[in-house]
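Colleague: Hi, do you have a few minutes to go through this one with me? I'll ask as I scroll.
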Amino acid sequence: MQKENCFYLGKIVRKYSFKGELLIKLDTDEPELFTEMESVFVEQRKNLIPFFIEESSLHKSELLRVRFEEVKTEAEADALIGAHLYLPLEFLPKLTGNKFYYHEIVGFTAEDESFGEIGKITGVNDTTSQALFEIDRNGKEILIPMIDHFIIKVDRETKTILLDVPEGLIEMYL
């Protein structure tokens, strides 16, 4: 499995028991969606290795407590702490309306109600305190905050996102 065909699920943060159980910090607002998984891909030395889940349950509502079939000792569990977990993209729950996954909108056309077509969305910068649309307009990068009330409509059919951004924000980049 290639990483580009997967989404980031979370990170193994610590051991839970002396029998190899681990606690995973999931990168989701709905951890309960991932309690019935049969397997995950664990990144080790830049490769994704499948690990099969013997049992899992929520721990303190935001962590997933997991026992992998292949991990039986404390030492084996120690070796996995800090590892990142991935699942194939087809395991993502489908979103509707104006909700979307960041990878899903790359290539969409961004349009503003007043300005018109802004350009193609090339990515999302989520390393800042406010996630930003990265939009290419004829070689110039335009950054627009991903604020709910800026997003009017996500149209998956036409691959467009209609925005209503404050006057002058787009022009500032041109």
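**Strands, rings and cores**

Modeller: Sure, starting with a strand pair: Asn125 stands opposite Leu132 in β9. Strands here are DSSP runs of E of at least two residues, numbered from the N terminus, and two strands pair if DSSP finds at least two bridges between them.

Colleague: Before we go on, what kind of model is this?

Modeller: It is a predicted model, where local features need pLDDT of at least 70 and side-chain atom pairs count only at pLDDT 80 or more, while totals for chains, interfaces and linings use all residues. Residues are numbered from 1 along each chain as its sequence is written, and side-chain values use heavy atoms, with hydrogens and water left out.

Colleague: Thanks. How many bridges join β8 to β9?

Modeller: Five, and the two strands run antiparallel, with β9 covering residues 132-137. They form a hairpin with six residues between them.

Colleague: And what about β7 and β8?

Modeller: Strand β7 (residues 109-112) and strand β8 (residues 116-125) are antiparallel too, joined by four bridges. Three residues make up the hairpin connection from β7 to β8, and Asp112 has Gly116 as its bridge partner in β8.

Colleague: Switching to the barrel, what is the strand order?

Modeller: The closed barrel has six strands in the order β1-β2-β5-β4-β3-β6, paired antiparallel. On average, neighbouring strands of this sheet are turned by 45° against each other, direction ignored (axes are lines fitted to C-alpha atoms, for helices over the stretch in contact, and angles run from 0 to 180 degrees between N-to-C directions).

Colleague: How many bridges hold β3 and β6?

Modeller: Two bridges, in the antiparallel sense, between β3 (residues 39-44) and β6 (residues 84-88). Val42 is opposite Leu85 there.

Colleague: What else does Val42 touch, leaving aside its neighbours within four places in sequence?

Modeller: Its contacts (heavy atoms within 4.5 Å) include Asn47, Phe51, Phe68, Leu80 and Leu85.

Colleague: Where is Asn47, and is it buried or partly exposed?

Modeller: Asn47 is in strand β4 (residues 47-59). Asn47 has a relative accessible area of 45%, so it is partly exposed; buried means under 20%, exposed over 50% and partly exposed in between, with a 1.4 Å probe and protein chains only.

Colleague: New topic: how many aromatic pairs are there?

Modeller: Four. Rings of Phe, Tyr and Trp (its six-membered ring) pair if their centres lie within 6.5 Å, with planes under 30 degrees apart counted as stacked, over 60 as edge-to-face and the rest as tilted.

Colleague: Why is the Phe7 and Phe34 pair tilted?

Modeller: Because the planes of Phe7 and Phe34 are at 55°, with ring centres 6.4 Å apart. Phe7 is in strand β1 and Phe34 in the loop between β2 and β3, 27 residues apart. Phe7 is buried at 10% relative accessible area, and Phe34 is buried at 6%.

Colleague: What does the Tyr8 and Tyr86 pair look like?

Modeller: Tyr8 and Tyr86 are edge-to-face, 5.8 Å centre to centre with 70° between the planes. That pair links strand β1 to strand β6 across 78 residues. Tyr8 is partly exposed at 31%, whereas Tyr86 is buried at 9%.

Colleague: Last one: which residues touch the most other members of the largest nonpolar core?

Modeller: Leu9, Ile12, Met37, Val40, Val42, Phe68 and Leu80, out of 22 residues. Such a core is a set of buried Ala, Val, Leu, Ile, Met, Phe, Trp, Tyr and Cys residues joined through side-chain atoms within 4.5 Å. Strands β1 to β6 each supply at least two residues of this core. Another core lies apart from it, with 21 residues, among them Phe108, Ile142, Ile144 and Ile161.
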